[in-house]
Amino acid sequence: MATLSILIFFTFIYTAFSAKIVLFLQLSTNKINDVGSVYAAGFDFAVEDQPFNQYYFKGPSDRAEEQLRKQIYEKKIRRSHGDQFVSAEKGIQLVRDTFCAFHVERTVAHYLVDKTFSNNQKCSLRFVRSIFKSDMPYLSIPWNSSYIKYFIISFRRLAETGLQDRECKRCYAKKPSCEGKANTFVSVGLIEAYFPLLIFGVGISLCISILILEKLVHKYIKLH
């Protein structure tokens, strides 16, 4: 009777532990909201293979937090067999298939994600601001130039007629939309359930040991 009770008890422990694992696997977090938190979470890093990315990551830069840039490059990007500067297609594939963060132009990422990710993958994807400061474009002309007035009128005209908005939509891909996150089934295998199985095995061993001990004690009492 004691053996059966212990068996049922550890079965309930195994079921509860497995359910808890599934809950943790499906739970989202809001703690990852910048490059520093991505680095602290233990993600691998990859960078789009562009000359300006190599320039900014490989050397000191006043456009980023230098300590974080140095840590990311030396511990995540620099490799003995070659730095983690990859094509946009390869980087997006790493994001989809592995535990990896990819530094890439947003427009390129939006286009590739929309083409290669499933809806559930799009819903679980997250973008964070780059480690480098963004630049604002400027149009430089002489201070007292007569062209200032013409440029102001022209730019306002482009905005009012919708030409600027149309060209932006044509040139820049939108962020892929999430069409509602569907419930996904997450299986729990032997690796995830190792700890409860270990407890279960220890419990069975103890039960067998106690049973043998009881038999020996009972036999000893009968002989005496």
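The following exchange concerns a nonpolar patch, helix α8 and salt bridges in a predicted model.

Q: What kind of model is this, and how are residues numbered?
A: The model is predicted: local features need pLDDT of at least 70, side-chain atom pairs count only at pLDDT 80 or more, and totals for chains, interfaces and linings use all residues. Residues are numbered from 1 along each chain as its sequence is written, and side-chain values use heavy atoms, with hydrogens and water left out.

Q: How many residues does α8 have, and what follows the helix?
A: Helix α8 (a DSSP run of H or I, at least four residues, numbered from the N terminus) covers residues 147-161 and has 15 residues. Gly-162, with a positive phi near 85°, comes after α8.

Q: Where does Leu-158 sit, and is Leu-158 buried or exposed?
A: Leu-158 lies in α8. Its relative accessibility of 35% makes Leu-158 partly exposed (buried is under 20% relative accessible area, exposed over 50%, partly exposed in between, with a 1.4 Å probe and protein chains only).

Q: Changing topic, how many salt bridges are there?
A: The whole structure has four, each a side-chain nitrogen of Lys or Arg within 4 Å of a carboxyl oxygen of Asp or Glu.

Q: Which residue pairs with Glu-66?
A: Glu-66 meets Arg-69 at 2.6 Å, N to O. The two are three residues apart in helix α4, so about one helical turn separates them. Glu-66 is partly exposed at 29%, whereas Arg-69 is buried at 4%.

Q: And what about Arg-166?
A: Arg-166 forms a salt bridge with Glu-167, with the closest N and O atoms 3.0 Å apart. Arg-166 is partly exposed at 44%, and Glu-167 is partly exposed at 31%.

Conventions: Expected span 1.5 Å × (residues − 1).
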